[in-house]
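Dear colleague,

I am passing on the structure we spoke about, and below it you will find my notes on what turned up when I went through it. Please read them with the model open beside you.

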Amino acid sequence: MKQVHVAVGVVRRGSTFFICKRADDQHQGGKWEFPGGKVELGETVEQALNRELYEEIDISIKVSSPLIEVAHEYTDKRVLLSVLLVDEFNGEPFGKEGQMHRWADVSDLKEIDFPDANIAIVDAILALSAS
Ligand SMILES: Nc1nc2c([nH]c(=O)n2[C@@H]2O[C@H](COP(=O)(O)OP(=O)(O)OP(=O)(O)O)[C@@H](O)[C@H]2O)c(=O)[nH]1
Ligand SMILES: [Mg+2]
């Protein structure tokens, strides 16, 4: 199976994180996600994430840093998630494509219905908050 490279943004404000609900007709539909999308040919992860976050949640990134890389194999798809922590941005995020969104507190992340690959992302966030 071909691996899809995805840029994912963990947008943080204080102890909260911006998440969106995936549309029912998408891969892993109905689950919550950190916004992001596929890295296109010739793009860096940072460029891809900046493009995706503008398209999906209407912000532009000012400061980001690598958080974790997660390789995961679903039954129907193989993904490599390059996850960046986004601590400063311009604009106020919202579900620009009509998707549900919320600011989730760090203490709620473990209980939220994310795709399986996100378990490692949530653990990395919790490790940040613990340090
Ligand atoms: N954006 C995002 N994708 C994730 C997360 N976790 C996870 O397994 N994925 C998977 O990464 C893949 C690509 O993400 P995507 O569907 O957002 O890609 P995209 O924005 O380019 O949209 P498209 O599918 O309409 O072209 C999907 O298979 C999705 O299930 C996550 O937290 N955020
Ligand atoms: Mg997307």
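In this predicted model, Glu33 makes contact with Ile19, Cys20, Arg22, Phe114 and Pro115, once its neighbours within four places in sequence are left aside. Glu33 sits in strand E3, and it counts as buried because 22 C-beta neighbours lie inside 10 Å, the cut-off for that label being 20 or more.

Arg22, one of those contacts of Glu33, lies in the loop between strand E2 (16–21) and strand E3 (32–33). With 17 other C-beta atoms within 10 Å, Arg22 is partly exposed, and, residues up to four places away in sequence not counted, it touches Gln28, Gly29, Gly30, Lys31 and Glu33.

Both residues also appear in the UniProt annotation "binding site", taken from an unreviewed entry, which covers Arg22, His27, Glu33, Phe34, Pro35, Gly36 and Asn118. These residues span 97 residues in sequence, yet no two of their C-alpha atoms are more than 13.9 Å apart, so they gather at one spot.

As for the interior, the largest nonpolar core holds 29 residues, of which Val10, Phe17, Leu81 and Val83 touch the most other members. Strands E1 (3–13), E2, E5 (60–73) and E6 (78–90), together with helices H1 (45–57) and H2 (118–130), each supply at least two residues of this core, and E6 gives the most, with 6 residues. Val10, leaving aside neighbours within four places in sequence, is in contact with residues including Phe17, Phe34, Val83 and Ile121.

Best regards

Key:
Residues numbered from 1 in each chain as written. Chains lettered and ligands numbered in written order. Predicted model: local features only at pLDDT ≥ 70, side-chain atom pairs only at ≥ 80, totals over all residues. UniProt positions renumbered as here; feature names shortened; annotations may be inferred. Helix = DSSP H or I, 4+ residues; strand = E, 2+ residues; numbered from the N terminus. Buried ≥ 20, exposed ≤ 12 C-beta atoms within 10 Å, placed from the backbone. Contact = placed C-beta atoms within 7 Å. Core = buried A, V, L, I, M, F, W, Y, C linked by C-beta atoms within 7 Å.
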